[in-house]
Each structure stands twice: as C-alpha cells, then as structure tokens.
Amino acid sequence: MACHIAAASSGGSARRVLPGATPQRLSDITNGIWMCFRHGKLIDADEETFTIPILETWREIAELKAKLRHELGREVSLDPARMEDFRLPDAQIPIPGLAGENALIGDALRYSCLADIWGKDVADAVRDSCIELIRNAFAHGAARVVRLLISASSVTIEDDGSAFNSNQLRHSPTGGGGASLKIIAEQFRSTVIFSCKRVGASNHNTFTFIRKAEDLSQFSPCTVSLTFEEVHAGRTSAQVVEGCDVTYVVLPPYFALSDVLKLPQLIATAFPKREGREVVLVTTRLSAGAIQLIGQYVPHIEIINLGDAA
C-alpha cells in the first residue's frame, strides 16, 4: 500500500503533520513510501516511533536497493561502503526504566537503519553495549532519567546517575557491560570509537562511527594530528587536553618504515606514560610491515588502522 510520510492533511487522525508544508510538497512522490498492509497500519498509528526522518531514510535505502537490483539483476546486500552518503535519522528515545529495555533499545536502533549504515555486526555490538550501559545506569548509578540519542554519526546514552567512567568496565573480570565494551574495543575499534564523559550532572556514553581520521577530531577534543615534520623532529606543539582518558594521535597517511623509527622519541617526549591515560595511534593507508614495526618499537601503544579510508 502507498503511504504518506508526512500527513496529507491535518485532521484529528493525521500522523506526522508537517506545519507550513505546501500542497505540492505533500503530494510529491518523495512524501510517499510503499509498505505492506501490516506495517502501513503500524506507521499510521505511531508517529513517535516512525518519524519523518526515519521513514525518509527507509525510502532512500529501499530505492538504492531497487536501483542496484535493477542494474545488476540480483539482490544486493548493502555494506557500509555503499552507504557513505546516508546519515542516520536523528532520534531521542527516553528509557523509562528496567522493563522491556531490550526491545525498546533494539527497535530504536533497527528502525534508525543502524545495521544498514554501520554494518550488521557493528550495529549488533553497539546495541548489546547500549543495553548493558543503560542497565548499569539504572541498577548501579541510581539514574532517574536516561535517554538514547541517535545522531548523524553517533549513538549516545545520557543518564543523570552518579558519576562513573564506563571505560573502567573493560577491565572488569565479569560479563555484561565490560564484555560488550571489550568486543567493541577489540573487534570494531577501527570502525567505532567509544568514549565517556561527565557533562554537568550527566554521564554521556558515546559510540562514534569512524570512516576517516578527520571524523575523530570532530567527535573528540582528545585528538592530536601530527605532521611528518613533527614526527622527524621528535616533538609537537600540539597540547594534550587534560582530563582525557584516551588521546588519539593521528599519524599522516602513508607512514613509511623509516618514519616508524622516529616514533619512540616523539611518544616519550610528547605523550609520556601516565596512570589512567591511554594513547592510541590512528593511521591511514599503513602497510602491514609498518604496523608490525610500530608494534615492535612502541609495543605499549594501541593502533587503529583505517585502511584505505578517504
């Protein structure tokens, strides 16, 4: 059945009314989406879950799949590389408490097309972590207000519970939140970066989808970008932000083996070991040999290799 995304009129039973929209806008083909009868009734009854941005994203993804199927003559599974121009529809989902949180969180991320845009395995890992962190906020942090925020390139949990550094969970011998964050860190760190911070009276736990090194500086003030000149000089004028648990040091692309030899002095001078602070090297287009050599020369430093990212 053909359904309107924004209501064609503003009657009492209308859903997703778009104030000020012209008749031409409401009758345009871009304001329509094809649905089966069951799901058509669902979106007509629930404008809070099925928002205009969500339905517009559904339509764009369906059109892309249809286009590829027509061109290639077969069904095509979309991967994150094909979805680079798509952005998650913004959503703010209040989590009322520990009752049905699995379905509420899972559906919110599924309806936002996280699996299509970030990849299924990444989306599943983020979903598991969100469930565990939200449970911790209620059960151990005595949180009263918890929200799940889905934005263009990140998923954030905000809660008003007691202050807590969720990165500590990675070192916990028990399961739950610690296990889920370990999976993010060990299996998906070249795709998703996890960070936590205290903002006023709220904890903010954020999963950020990384496609290129520049994304890091946009999401985190704890990012330092180096030039080849700084690497070879063994020093940098960049300042490490105090209070950063993790500092991301972005190396210039095409870092060669002789460049790696300069790293120990730079790391020791600019980013000395300090209790409670981790340094992560972020590289682009690095050879397997360079990665191996970095592991030998600065073995205590973790590496995120973004491969052939733009």
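## Two open sheets and one cavity

Setting aside residues up to four places away in sequence, Leu 226 touches Val 231, Thr 236, Val 249, Val 250, Leu 251, Pro 252 and Leu 266. This residue sits in the loop between β8 and α9 (228-233). Leu 226 has 6% relative accessibility, so it counts as buried. One of its contacts, Val 250, lies 24 residues away along the chain. The C-alpha atoms of Leu 226 and Val 250 are separated by 6.1 Å. The model described here is predicted.

**The chain overall**

The chain has 310 residues, and buried residues make up 45% of them. Twelve helices and eleven strands are found in the chain. Contacts across sequence can be sorted by separation. Take those between residues at least 6 apart in sequence: 65% of them join residues at least 24 apart.

**The parallel sheet**

Strands β8, β9, β10 and β11 form an open sheet, in the order β8-β9-β10-β11. The pairing is parallel. β8 (223-225) and β11 (302-305) stand at the edges. Each has a single partner strand, so one side of each is left without a neighbour in the sheet. On average, neighbouring strands of this sheet are turned by 25° against each other, direction ignored.

Inside this sheet, β9 and strand β10 (residues 278-283) run parallel and are joined by five bridges. Tyr 248 has Val 280 of β10 as its bridge partner.

Val 246 also belongs to strand β9. Its relative accessibility is 12%, so Val 246 counts as buried. Beyond its neighbours within four places in sequence, Val 246 is in contact with Arg 189, Cys 222, Glu 278 and Val 280. Val 280 is thus named twice: as a contact of Val 246 and as the bridge partner of Tyr 248. Thr 223 is 23 residues from Val 246 along the chain, and their C-alpha atoms are separated by 8.8 Å.

**The antiparallel sheet**

Five strands make up another open sheet, in the order β3-β4-β5-β7-β6, with antiparallel pairing. The edge strands are β3 (91-95) and β6, and each pairs on one side only. Neighbouring strands here are turned by 15° against each other on average, direction ignored.

β4 covers residues 146-150 and β5 covers residues 154-159. These two pair in the antiparallel sense over five bridges. β3 and β4 also pair in the antiparallel sense, over five bridges. Strand β4 is mostly covered, with four of its five residues buried.

Individual residue pairs show how β4 is set against its partners. The table lists them.

| Residue | Opposite residue | Strand of the opposite residue |
|---|---|---|
| Ile 95 | Val 146 | β4 |
| Leu 149 | Thr 156 | β5 |
| Ile 150 | Val 155 | β5 |

A helix packs against this sheet. Helix α6 (residues 120-139) lies across β3, β4, β5, β6 and β7 (202-209). α6 runs at about 5° to β5.

**The cavity**

How many cavities of 30 Å³ or more does the count give? The count comes to one. About 100 Å³ of space lies in the largest cavity.

Which residues line the largest cavity? The lining consists of Asn 167, Arg 170, Leu 181, Ile 184, Ala 185, Arg 189, Val 192, Ile 193, Phe 194, Val 246 and Tyr 248. By class, the lining has eight nonpolar, one polar and two charged residues. Three elements each supply at least two residues of this lining: α7 (177-187), β6 (192-199) and β9 (246-250).

The two sheets come into the picture here. β6 is an edge strand of the antiparallel sheet, while β9 belongs to the parallel sheet. Both supply lining residues to the largest cavity. Val 246 is one of the lining residues, and Val 246 counts as buried. Arg 189 is another lining residue and is in contact with Val 246. Tyr 248, also in the lining, has Val 280 in β10 as its bridge partner.

Terms used:
Residues numbered from 1 in each chain as written. Predicted model: local features only at pLDDT ≥ 70, side-chain atom pairs only at ≥ 80, totals over all residues. Heavy atoms only, no water. 1 Å grid on protein atoms, 1.4 Å probe; cavity = no way out; pocket = protein on both sides within 12 Å on 5 of 7 lines; lining within 4 Å. Points joined across faces, edges and corners; volume = space filled by probe spheres on them. Nonpolar A, V, L, I, M, F, W, Y, C, P; charged D, E, K, R; others polar. Pairing = 2+ DSSP bridges. Axes fitted to C-alpha atoms, helices over the stretch in contact; angles between N-to-C directions. Contact = heavy atoms within 4.5 Å. Buried < 20%, exposed > 50% of the residue type's maximum accessible area, 1.4 Å probe, protein only.
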